[in-house]
Amino acid sequence: MTEFLQHLVNGLSVGTIYALIALGYTMVYGVLKLINFAHGDVYMVGAFSGFYLANAMGVGGSPSLAKALVVFVGSMIICGILGVLIERFAYRPLRHRARLTSLITAIGVSFLLEYGFQLPSIPGLGIPFPPGPTPRFFPEPFTRVAWEPFGVYVSNYDVISFFTAVGLMLLLQYIVYRTRFGTSMRAVSFDSQVAGLMGINVNRVIAGTFALGSALAAAAALLFAGSRPKVDPLMGLTLGIKAFVAAVFGGIGNVPGAMVGGLALGLAEEYVSGYALSSYRDGIAFAFLIIVLLVRPAGLFGSFRPEKV
Amino acid sequence: MRPVRIVLRSALPFLVALPLLFALQGVISPGWAIVLISAGINVILAVSLNVVNGFTGQFSIGHAGFAAVGAYTAAKITTAMHGLQIVGLSAGVSDQVVFLLALLAGMVTAALAGVLVGMPSLRLRGDYLAIVTLGFNEIIRVIIENTPFLGQATGISGLPRLTTVVWVGMGAVATISMARRLVGSTHGRALLAIREDEVAAEAMGVDTTGYKVRAFVIASAFAGLAGGLLVHLIQLCTPRSFTFVKSIEVVVMVVLGGMGSVTGSVVAALVLSFALEGLREVQQYRMVVYSLLLIVLMLTRPSGIFGTREIWDIVKLPGGRRKAAGAETSP
């Protein structure tokens, strides 16, 4: 029983992170019908911008809530800008081309970030940027407190990350369904051409969607890096793909679906690797994906629209 | 007369290439041989992937996974049978026969893997297929890393060095003539129809899933061949040789050469292989250059350098088609 609960806690803690990243995939897919392959790497950049900000402010020496907040919000802003730039220079010129073209560009952007960050640092810059391939340790923004109710290990990081993630998801839900921007976003997602005719600035909405999704990825990165304090340029690769799997599971383009998908994937991974096949952990997500696509190609909440000639 | 002509047409590229390759192997220095062999392996990978990505218009990014299946099969067979003398043959010849069998077995298992992945996933379109093939690539890696029989993460070492210029050259000739013959056949026409408009092709009575699976299986088999050749060059078979990055390298070759152009793939594979050889000192910039190349290429020439055209459609060589085809088959 204790073991079961422990897996539940771990699964929820990872699952909410997956869900946050999956939201970025889902939103971009909703408006552009593009798998933003670079999303996992935006997440990685989020972790590193947090790392640099935290070091610049000396979080490691004297952690405080205010500093943690600045790091958190600062990284979200940096990643939001990065997302807008990627959209502007890599995806927008190709928007009316074949979708495959944008997909290849997305892979290109992803590799550019991954391998660009692995280059040796530029001398004379003051900070070690690019960080190079060796993993770096993320300074702890809080002192770690752990509780053990019923023998289940729960740290304050798990609690903070869970509630922050849920809060961000609720905020996003509010933005998408209750604000003017959210309405435009849904309109663009439904039919961008007609939305444009109705006076919606489609370019701005798409840029805004990228900013929002990328900021969520940065938030996820910081929640993750806070508790597992290691950041490296390739950290976004697997996690990004897993989050994509979560988004597909929930029905890509569907906001609540991404949340459910993220949680389901986190829990599934935790239980399968905990009870049966621990070393197959990274394969579980893909097996999960393939099964989902075979049984319900449109995902759990997605509806399948037949293609017209 | 007709059957003779057909046989000749299939066999001619090999008959022409074989003496040339032996001559080449005789004069080339060992260092250059390695460069040529790895370039040849890339040609096999790129041209075979082009059958799926270029001809059929399906986006597969897990090609290295199939290469891994073929490589491990071949490696297992040659390590088990190396030094085993087949009755009536000398040791050297016996090894070559074993190698041939191992490569063929690798092609078969890779083709089987292609059926296994292709049958269900080719019902999906575009982006989803890309992700499933990528997922398959990762699943293969995870399985290998967890199977003691396959040497886990350390892999199988101590393979005999059997890959030569002749072997790779013949493999490349086989792949290229397969692609050329395929695209001109009824099957090839169906594949091109699927690429141009899948819904319309289906409406015209083309069994789209069936043809896509067949193309996928053929491409997987040749990827398996390339894998088998690769591990017998580096004498080591590890999951590290067949990662997602390797798949992307092949995708870059196909995209750079032009999706749907066989000669484009060959040229791109050769150019990139030699360029990488030159960039060996600045290895860490290699992938950065690769990714920038991919982005810039997509922004400026979305259909690759040659598009769907072959090289002789652009550069009019004196003597026309036939000469150009001959030039293409001697890497």
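**Exercise 1. Find the loop that holds B:Q235, then work out what its backbone is doing.**

*Solution.* Start with the location: B:Q235 sits in the loop between helix 9 (208-234) and strand 2 (236-237) of chain B. Keep in mind that this is a predicted model. Next comes the backbone: the phi of B:Q235 is positive, about 60°, although the residue is not a glycine. For context, most residues other than glycine have a negative phi. Last step, the surroundings: B:Q235 has a relative accessible area of 33%, so it counts as partly exposed.

**Exercise 2. Which loop holds B:Q152, and what is its phi?**

*Solution.* Go to chain B and look between helix 5 and strand 1 (156-157): B:Q152 is in that loop. Its phi is positive, about 50°, and B:Q152 is not a glycine either. With 35% relative accessible area, B:Q152 is partly exposed.

**Exercise 3. Take the salt bridge between A:E87 and A:R95 and describe how its two ends are covered.**

*Solution.* First, the contact: the closest N and O atoms of A:E87 and A:R95 are 2.6 Å apart. That is inside the 4 Å cut-off, so the pair qualifies as a salt bridge.

Second, the acid end. A:E87 has 0% relative accessibility, and buried means under 20%, so A:E87 is buried.

Third, the base end. A:R95 comes out at 22%, which makes it partly exposed.

Fourth, look for further partners: A:E87, A:R92 and A:R95 are linked in a network of salt bridges.

**Exercise 4. Where in chain B do B:R141 and B:E138 lie, and are they buried or exposed?**

*Solution.* Both residues belong to helix 5 (residues 127-145) of chain B. They are 3 residues apart, about one turn of the helix. Their side chains meet in a salt bridge, at 2.9 Å from N to O. Now check the cover on each end: B:R141 has 19% relative accessibility and counts as buried, and B:E138 is buried too, at 12%.

**Exercise 5. Do the same for B:D207 and B:R214, then give the salt-bridge count over all chains.**

*Solution.* The closest N and O atoms of B:D207 and B:R214 are 4.0 Å apart, and the pair forms a salt bridge. B:D207 is partly exposed at 42% relative accessibility. B:R214 is partly exposed as well, at 39%. Over all chains, the count comes to 10 salt bridges.

**Exercise 6. Trace the nonpolar surface patch that includes A:V73.**

*Solution.* List the members: A:L65, A:L69, A:V73, A:I77, A:I81, A:L85 and A:F89. Together they offer about 700 Å² of accessible area. Now zoom in on A:V73, which lies in helix 3 of chain A. At 40% relative accessibility, A:V73 is partly exposed; patch members need over 30%, so that value clears the bar.

Helix 3 (residues 65-91) also has the highest mean pLDDT among the elements of chain A, at 93. The lowest, 78, belongs to helix 11 (residues 281-295). Chain A as a whole has a mean pLDDT of 86, with 97% of its residues at 70 or more.

**Exercise 7. Start from A:P141 and find how far its C-alpha atom is from that of A:L65.**

*Solution.* A:P141 is in the loop between strand 1 (136-137) and strand 2 (146-147) of chain A. Along the chain, A:P141 and A:L65 are 76 residues apart, but their C-alpha atoms are separated by 7.7 Å. A:L65 is one of the patch residues from the previous exercise. A:P141 itself is buried, with a relative accessible area of 14%.

**Exercise 8. How many disulfides are there over all chains?**

*Solution.* The count is 0. You can still look up cysteines: A:C79 is buried at 0% relative accessibility, and B:C237 is buried with 0% as well.

**Exercise 9. Compare two annotated spans of chain B with the modelled secondary structure.**

*Solution.* An unreviewed UniProt entry annotates "transmembrane region" on several spans of chain B, including residues 213-234 and 288-307. Over residues 213-234 the model is 100% helix and 0% strand, with end C-alpha atoms 31 Å apart. Residues 288-307 are 65% helix and 0% strand, and their end C-alpha atoms lie 24 Å apart.

Note on methods. Residues numbered from 1 in each chain as written. Chains lettered and ligands numbered in written order. Predicted model: local features only at pLDDT ≥ 70, side-chain atom pairs only at ≥ 80, totals over all residues. Heavy atoms only, no water. Buried < 20%, exposed > 50% of the residue type's maximum accessible area, 1.4 Å probe, protein only. Helix = DSSP H or I, 4+ residues; strand = E, 2+ residues; numbered from the N terminus. pLDDT = per-residue confidence, 0-100. UniProt positions renumbered as here; feature names shortened; annotations may be inferred. Patch = residues over 30% accessible without salt bridge, like charges linked within 9 Å, V, L, I, M, F, W, Y side chains within 5 Å. Areas by Shrake-Rupley, 256 points an atom, 1.4 Å probe, with all protein chains shown as cover. Disulfide = S-S within 2.5 Å.
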